[in-house]
Amino acid sequence: RLHAYLGGIARKQQSRLLDAGGTANHIHLLISQSKNISLSDLMEAFKRSSSKWMKEQGDEFSRFQWQDGYGAFSIGASQIPQVKSCLAKQKQHHRKTTFQEEFIQFLKKYEIGYNEKYLWR
């Protein structure tokens, strides 16, 4: 249900949620982002609206919140099938590799500098 709700948020932002995946502690979104919205504004819309919605889903979610930051990577259209395949296998993938390990692998693969002390607050 969360993925469907996020799809609605994307549509309101003139964007499309192509796919989503993740586990209990994180989510991956494959988005075709509108040229009319900045990434930071799009992420703010996702987080703000979905946090409010999650808190309305039951007492067990009353303290729900997203992490402060986010990571975003762009891909070409030819990579969409591969990314969708990876999203479909998230639960199996994260039995071997943690979210933190995966994120650092992405940063290294795409040569994005980082200081680990700022990643996991």
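## Rings, a core and a hairpin

Tyr110 is partly exposed, with a relative accessible area of 39%. Keep in mind that this is a predicted model, so every value below is computed from predicted coordinates.

Let's stay with the rings. With centres within 6.5 Å as the cut-off, the count comes to seven aromatic pairs. Take Tyr5 and Trp53: their ring centres are 4.8 Å apart and their planes sit at 15°, so this pair is stacked. Tyr5 belongs to helix α1 (residues 2–12) and Trp53 to helix α2 (residues 39–55), so the pair ties together parts that are 48 residues apart in sequence. Are the two partners buried or exposed? Tyr5 is partly exposed, at 30% relative accessible area, while Trp53 counts as buried at 14%. Another stacked pair is Phe106 with Tyr110, at 6.4 Å centre to centre and 15° between the planes. Phe106 is partly exposed, with a relative accessible area of 29%.

Phe106 and Tyr110 also belong to one aromatic cluster, together with Phe73, Phe99 and Phe103. Two members of that cluster, Phe99 and Phe103, are among the buried residues of helix α5 (residues 99–109). The other buried residues of α5 are Glu102, Ile104 and Leu107. What do the buried residues of α5 pack against? Their partners are β2 (26–32) and α4 (90–96). After α5 comes Glu111, which has a positive phi, near 55°.

Helix α4 brings us to Gln90, which lies in that helix. At 4% relative accessibility, Gln90 counts as buried, since the limit is under 20%. Which residue does the side chain of Gln90 meet in a polar contact? The partner is the side chain of His28, at 2.9 Å. Leaving out residues up to four places away in sequence, Gln90 touches Gly21, Gly22, Thr23, His26, His28 and Glu102. Glu102 is one of the buried residues of α5 noted above.

On to the strands. β1 (residues 16–23) and β2 run antiparallel and are joined by seven bridges. They form a hairpin, with two residues between the strands. Within this pairing, Asp19 stands opposite Leu30 in β2.

Now for the nonpolar side. As a rule of thumb, nonpolar side chains in soluble globular proteins tend to be buried together. The largest nonpolar core here has twelve residues: Leu2, Leu6, Ile9, Ala10, Ile37, Leu42, Met43, Ala45, Phe46, Trp53, Met54 and Phe64. Helices α1 and α2 are the elements that give two or more residues to this core, and α2 supplies the largest share, six residues. Trp53 is thus a name to note twice, because this ring belongs to the core and is also stacked on Tyr5. Phe64, another core member, touches Ser51, Met54 and Lys55 once residues up to four places away in sequence are set aside.

Tyr70 sits in the loop between α2 and α3 (80–88). How far is Tyr70 from Met43 in sequence and in space? They are 27 residues apart in sequence and 8.0 Å apart in space, C-alpha to C-alpha. Tyr70 is in contact with Leu39, Ser40, Met43 and Lys47, leaving aside neighbours within four places in sequence. At 36% relative accessibility, Tyr70 counts as partly exposed.

Helix α2 also holds a charged pair. The salt-bridge count comes to one, with the side chains of Glu44 and Arg48 meeting at 3.1 Å, N to O. Both residues lie in α2, four residues apart, about one turn of the helix. That spacing is a handy one: an α-helix has 3.6 residues a turn, so residues three or four places apart point the same way. Glu44 is partly exposed at 45% relative accessibility, and Arg48 is partly exposed at 48%.

Here are the accessibilities of some of the residues discussed.

| Residue | Relative accessibility and class |
|---|---|
| Gln90 | 4%, buried |
| Trp53 | 14%, buried |
| Phe106 | 29%, partly exposed |
| Tyr5 | 30%, partly exposed |
| Tyr70 | 36%, partly exposed |
| Tyr110 | 39%, partly exposed |
| Glu44 | 45%, partly exposed |
| Arg48 | 48%, partly exposed |

Key: Residues are numbered from 1 along each chain as its sequence is written. This is a predicted model: local features need pLDDT of at least 70, side-chain atom pairs count only at pLDDT 80 or more; totals for chains, interfaces and linings use all residues. Side-chain values use heavy atoms; hydrogens and water are left out. Buried means under 20% relative accessible area, exposed over 50%, partly exposed in between (1.4 Å probe, protein chains only). Contact means heavy atoms within 4.5 Å. A polar contact is a pair of N or O atoms within 3.5 Å; within protein, one must be able to donate a hydrogen and the other to accept it, and residues adjacent in sequence count only if both atoms are side-chain atoms. Rings of Phe, Tyr and Trp (its six-membered ring) pair if their centres lie within 6.5 Å; planes under 30 degrees apart count as stacked, over 60 as edge-to-face and the rest as tilted. A nonpolar core is a set of buried Ala, Val, Leu, Ile, Met, Phe, Trp, Tyr and Cys residues joined through side-chain atoms within 4.5 Å. Two strands pair if DSSP finds at least two bridges between them. A salt bridge is a side-chain nitrogen of Lys or Arg within 4 Å of a carboxyl oxygen of Asp or Glu.
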